[in-house]
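Open your viewer and get your selection tool ready. We will take a short walk through a predicted model, one selection at a time.

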Amino acid sequence: MNSLTTIAGQLDARGLKVAIVASRFNDFIVDRLVGGALDYLERHGLAREDITLVRIPGAFEMPLTCQKLAATKKYDGILALGAVIRGGTPHFDYVCAEATKGIAHVMLAHETPIGFGLLTCDTIEQAIERAGSKAGNKGVEAAAAMLETIRVCQQL
Ligand code: INI
């Protein structure tokens, strides 16, 4: 049987430069995502001096911030971390939709891997569960996805 050509990304962050975009809105949740992501990336070899943390007001500001960072060409990957929690108005839906679409657009337009660590939750309890308790830490998962995608894309 012919051998299968397989491309897979090693979870090795040594030598990379990464920007983390973190929103201040719901910071008691977002700070847990940032902490988890930093811990994961450093344990996989990323040097702290190669990480730039950018604080922004809320999820709605994520696409522009990611776009500016990607345009500098200084970063191998970007990690977008935030938490949108549903309130009593349709605001949640607009913020989630624009942040998601905008980030996907930046990733494609600049060919820069972006880890999507934006929680979109109906309740605060759901957000807490995903920020380092029952349902894991989505900041860690997004960091792992960004790292794997960087390493895959480097081979394509
Ligand atoms: N931004 C968030 O990151 N999370 C939210 O839950 C949220 N809610 O619910 O309103 C939110 N709104 C702010 C928005 O992202 C912008 O920062 C704001 O509209 C100013 O442009």
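**Stop one: the strand β3**

Select residues 77-85, strand β3: nine of its nine residues are buried, so this strand is largely enclosed by the rest of the structure. Here buried means under 20% relative accessible area (1.4 Å probe, protein chains only), and strands are DSSP E runs of at least two residues, helices H or I runs of at least four, numbered from the N terminus. Residues count from 1 along each chain as its sequence is written. As the model is predicted, local features need pLDDT of at least 70 and side-chain atom pairs pLDDT 80 or more, while totals for chains, interfaces and linings use all residues; side-chain values use heavy atoms, without hydrogens and water.

Now show the side chains. G77, L79, L81, A83 and I85 point one way, I78, A80, G82 and V84 the other.

**Stop two: the neighbours**

Add β1 (residues 18-23), which pairs with β3 in the parallel sense over five bridges; pairing takes at least two DSSP bridges. Look for I20, whose bridge partner in β3 is L79. Next add β4 (residues 114-121), parallel to β3 over eight bridges, with T120 opposite V84.

**Stop three: the ligand**

Which residues are around the ligand? Among them are F25, N26, A59, A83, V84, I85 and H91, each with a heavy atom within 4 Å of the ligand. Try three distances to ligand oxygen atoms: 3.3 Å from a polar side-chain atom of N26, 2.9 Å from a polar backbone atom of A59, and 3.3 Å from a side-chain N or O atom of H91.

Note on methods: Buried < 20%, exposed > 50% of the residue type's maximum accessible area, 1.4 Å probe, protein only. Polar contact = N/O pair within 3.5 Å; in protein donor to acceptor, adjacent residues only side chain to side chain.
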